[in-house]
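Work through the following exercises with the sequence and the three-dimensional model at hand. Each task is followed by a solution in steps.

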Amino acid sequence: MIDPAQPQDSPDSKALRKPQGPLRTGWTTGACATASTKAALTALITGTFPDPVSIRLPGGQEPAFALALEALGDGWAKAGIIKDAGDDPDVTHGATVISQVRLLPNGHGIQFKAGDGVGTVTKPGLPLAIGEPAINPVPRTMMVGEVEALMTTHGLEADVEITISIPGGQEMAQKTWNPRLGIIGGLSVLGTTGIVHPFSCAAWIHSIHRGIDVARAMGIKHVLGATGSTSEKAAQQLYNLPDQALLDMGDFAGGLLKYMRQHPVERLTIAGGFAKMSKLAQGALDLHSSRSKIDNSFMKSIFYDDILTSNMIDRIQNANTALEILEISKEIRFDIATPIAELALKTAQATLRDADVSVDIIITDRKGEILARAR
């Protein structure tokens, strides 16, 4: 899962515009929580906060983090680090990730708690049990490693309570996919490498997979993957689907279909605008404008030859957008959306292969009106 802000660059697009030039990497909430935990526990044991504090990431890197908050009390300590997400459009960029630690009686082990702004798992299908704080497995492993190493160095047993807080996280979480995934009350503490790679396709696809997992665990039989908010709303209303059935597919039709091939749900609807679904009809599985293009010759082949004048052929061949071609089809009262939907359906079915999934396609216009359906 990721925590991206999701501005809409068009009425039916969830794509975020990637800046030109080299992009700066950043640190995950999991890395920041680990560094805060190490700093707080060091101060609790020794009375001094290490600043900066260094940690070891799963890939062997050893970054150092400056502390933004320090507090030491009777039997507890806490430290905070301001998250730097680099050039990634991450809603948690600039948030303060705080860890408060206290020692527990022998035999209690290492325990995690959700503080202010960190969510709690309320639905099955995630890699955490219901009722657990939304601190993902890899960040937990990173924190456990640092805690065990510190306690061993000082001849102590690793019996520690770790409470992670992200002030303002409950409001930030409304801009993420957490509410749909059943993570209530705040953000997730995330990361598998500790490093944020800007505009990571892998992170987005990972979130689609978790959405499928949650739907399957909840017994949801019909799920919806849409390219954007306009088509999503239209299809959700058509089928009266709950929010938990909505998968934030965006441009990653392939990421959704390939995972569902191995983890089937009884019924899948794919919804999108005419341009995105035209790319799917062409066989593209990544629908982003930088990674797939409309083939004007392919679009021309959809029309019946006897209804096109030489002028219209020239206009189609030189059209700058799929919407221009759609407008030409309207001029001559030719329904191009339906054959596009049918071809998009064939692409989806071919990608699903023999998976036991019934799939249908919905194409909407920019106002959310349904142009075509195929099933």
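Angles under 35 degrees count as roughly parallel, over 145 as roughly antiparallel, 65 to 115 as roughly perpendicular and the rest as oblique. The model is predicted, with local features needing pLDDT of at least 70 and side-chain atom pairs counting only at pLDDT 80 or more, while totals for chains, interfaces and linings use all residues. Residues are numbered from 1 along each chain as its sequence is written, and side-chain values use heavy atoms, leaving out hydrogens and water.

**Exercise 1.** Determine how the axes of α1 and α2 are arranged.

Step 1: the axes of helix α1 (residues 29-46) and helix α2 (residues 137-153) come within 9 Å and cross at roughly 20 degrees.
Step 2: the two helices, α1 and α2, are therefore roughly parallel to each other.

**Exercise 2.** Classify the ring pair formed by Trp-27 and Phe-65, and place both residues.

Step 1: rings of Phe, Tyr and Trp (its six-membered ring) pair if their centres lie within 6.5 Å, with planes under 30 degrees apart counting as stacked, over 60 as edge-to-face and the rest as tilted; the structure holds five aromatic pairs.
Step 2: the ring centres of Trp-27 and Phe-65 are 5.5 Å apart and their planes stand at 65 degrees, so the pair is edge-to-face.
Step 3: Trp-27 belongs to strand β1 (residues 26-27) and Phe-65 to strand β3 (residues 64-65), so the pair ties together parts 38 residues apart in sequence.

Key: Axes are lines fitted to C-alpha atoms, for helices over the stretch in contact, and angles run from 0 to 180 degrees between N-to-C directions. Helices (H or I, at least four residues) and strands (E, at least two) are DSSP runs, numbered from the N terminus.
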